[in-house]
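Biologist: Let us go through this model by asking what earns each label. Please set every value against its rule.

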Amino acid sequence: MQIGVFPDRSSTASRLPGGSLRRVGFTLIELLVVIAIIGVLVGLLLPAVQQAREAARRSACSNNMKQLGLAVHNYADANKKLPPGNKSNPAHMASTCHGGGLGYYCGQYGWPSYILPQMEEQNVFDLIDFDKPSYTSNAGWETWHGSTAGDVANKAAADSMPTTFSCPSVPSKKPNHKDYSAAFGTWACCPERRSGDGIFYQDSETRFEDITDGTSKTFLLLEDAHVWFSVDGSPYPRGTNDFFFVNHASSGYATPIYAPNTLSNSGRHRFARSHHPGGLGVTMADASVRFVQENINMAVYRNTYTRAGGEVEVIE
């Protein structure tokens, strides 16, 4: 019996009728051209993919802001007033909070702690002992905190921050730090220990009827990325945005000291910023969510922080 001979599949040539050979495969030049074309296509598609991913992250961030706005409204419905920007307690005075013996309030409770039940986070709310100072786990990283991080009795609550407070566009996330802040008003300094002309400030009890500028024309919340940078690109070492811990770093407050997303070597802890290209998200007092451009007119931007300023030029 004759054994058949199979053709060599590894051959790079095939025989045409008449006996001539036909080359199969690519030359080196053709291969390089194909690789170059693929590289160009990847270069064209990659920005589109990145933009699509950022669009999804921005949408999720906007949804967070909507949920937080609705929680504030639900709190107001139940309590006939909006939550305080932060609640002071004389027992929480601590000379070491600022690291310089200035005696500022340390370990106050910010607005996020009060709306947890309206966010279906009653279990986290029940972990908080409001008779003791609040807590943050990252005092050593933020020099504005000095050597004081509050009372460890509230560590479990501080470490249980709901993801609604976190914007997915922010990289290098720190534990128990949020990315949204309350609108204090037009003054630059110290919302955690004074009143303001916005909706939120120390011990505020603002009602919706107090917002005479109009709820659709007044900031309620703004993005406030807890990771931000100086002009030289180095990360800020102070004043971040703790979950509910408040001290002189004014965690959880935003003011119009700078335009949105400004890179600055000062004021890190009191202005709005985001990692979205071109601007940042805001929640208005009517719980609608908008996007504010970085190049917004600063007069309009400041005016929209006030609750009863009577200004004509505001965000529409």
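Biologist: Which residues form one aromatic cluster?

Modeller: Tyr109, Trp111, Tyr114, Phe125, Phe130, Phe165, Phe243 and Phe244 form it. Bear in mind that this is a predicted model.

Biologist: How many aromatic pairs does the count come to?

Modeller: The count comes to 13 aromatic pairs. One of them is Phe219 with Tyr305.

Biologist: Why is the pair of Phe219 and Tyr305 called edge-to-face?

Modeller: Two values decide it. The ring centres of Phe219 and Tyr305 are 5.1 Å apart, and a pair needs centres within 6.5 Å. Their planes stand at 85°, and edge-to-face asks for over 60 degrees. Both tests are passed, so the pair is edge-to-face.

Biologist: What parts does this pair tie together?

Modeller: Phe219 lies in strand 6, residues 219–223. Tyr305 lies in the segment after helix 5 (298–303). These parts are 86 residues apart in sequence. Both Phe219 and Tyr305 are buried.

Biologist: What makes Tyr258 and Phe271 an edge-to-face pair?

Modeller: Their ring centres are 5.2 Å apart, and their planes stand at 90°. The distance is within 6.5 Å and the angle is over 60 degrees, so the pair is edge-to-face. Tyr258 and Phe271 are in the loop between strand 8 (253–254) and strand 9, 13 residues apart.

Biologist: Why is Tyr258 called partly exposed, and is Phe271 buried or exposed?

Modeller: Tyr258 has a relative accessible area of 22%. Buried means under 20% and exposed means over 50%, so Tyr258 falls in between and is partly exposed. Phe271 has 0%. That is under 20%, so Phe271 is buried.

Biologist: Now the cysteines. How many disulfides does the count come to?

Modeller: The count comes to zero disulfides. A disulfide would need a pair of cysteine sulfur atoms within 2.5 Å.

Biologist: How do you know whether Cys61 and Cys167 are buried or exposed?

Modeller: Cys61 has a relative accessible area of 1%. Cys167 is also at 1%. The limit for buried is under 20%, so Cys61 and Cys167 are buried.

Biologist: What makes the nonpolar surface patch?

Modeller: Ile29, Val33, Ile37, Val40, Leu41, Leu44 and Leu45 make it, over about 710 Å². A patch residue needs over 30% relative accessible area. Take Val40, which is in helix 1. Val40 is at 52%. That value is over 30%, so Val40 passes the area test for a patch. It is also over 50%, so Val40 counts as exposed.

Biologist: What is unusual to look for in the backbone at Lys80 and Glu120?

Modeller: Lys80 is not a glycine, yet its phi is positive, about 60°. Lys80 is in the loop between helix 1 (28–79) and strand 3 (86–87). Glu120, likewise other than glycine, has a positive phi near 60°. Its place is the loop between helix 2 (111–114) and helix 3 (122–127).

Biologist: Why are Lys80 and Glu120 called exposed?

Modeller: Lys80 is at 66% relative accessibility. Glu120 is at 76%. Both values are over 50%, so Lys80 and Glu120 are exposed.

Biologist: How do you know that strand 9 and strand 10 pair?

Modeller: Pairing needs at least two bridges. Strand 9 (residues 279–284) and strand 10 (residues 289–293) have five, in the antiparallel sense. Leu280 stands opposite Val292 in strand 10. Their hairpin has four residues between the strands, and Ala287 there takes a positive phi near 80°.

Biologist: Which strands pair with strand 5?

Modeller: Strand 6 is joined to strand 5 (residues 180–183) by three bridges, running antiparallel. Strand 8 pairs with strand 5 in the parallel sense, over two bridges. Ala182 stands opposite Leu221 in strand 6 and opposite Tyr253 in strand 8.

Biologist: What is the order of the three-strand open sheet, and why do strand 3 and strand 7 stand at its edges?

Modeller: The order is 3-4-7, with antiparallel pairing. Strand 3 and strand 7 (245–246) each have a single partner strand, so one side of each is left without a neighbour in the sheet. Strand 4 (residues 108–110) is joined to strand 7 by two bridges. Gln108 stands opposite Val246 there.

Technical notes: Residues are numbered from 1 along each chain as its sequence is written. This is a predicted model: local features need pLDDT of at least 70, side-chain atom pairs count only at pLDDT 80 or more; totals for chains, interfaces and linings use all residues. Side-chain values use heavy atoms; hydrogens and water are left out. Buried means under 20% relative accessible area, exposed over 50%, partly exposed in between (1.4 Å probe, protein chains only). Patches are made of residues with over 30% relative accessible area and no salt bridge: like charges are joined within 9 Å, nonpolar side chains (Val, Leu, Ile, Met, Phe, Trp, Tyr) within 5 Å. Accessible areas come from the Shrake-Rupley method with a 1.4 Å probe; for residues, only the protein chains shown count as cover. A salt bridge is a side-chain nitrogen of Lys or Arg within 4 Å of a carboxyl oxygen of Asp or Glu. Rings of Phe, Tyr and Trp (its six-membered ring) pair if their centres lie within 6.5 Å; planes under 30 degrees apart count as stacked, over 60 as edge-to-face and the rest as tilted.
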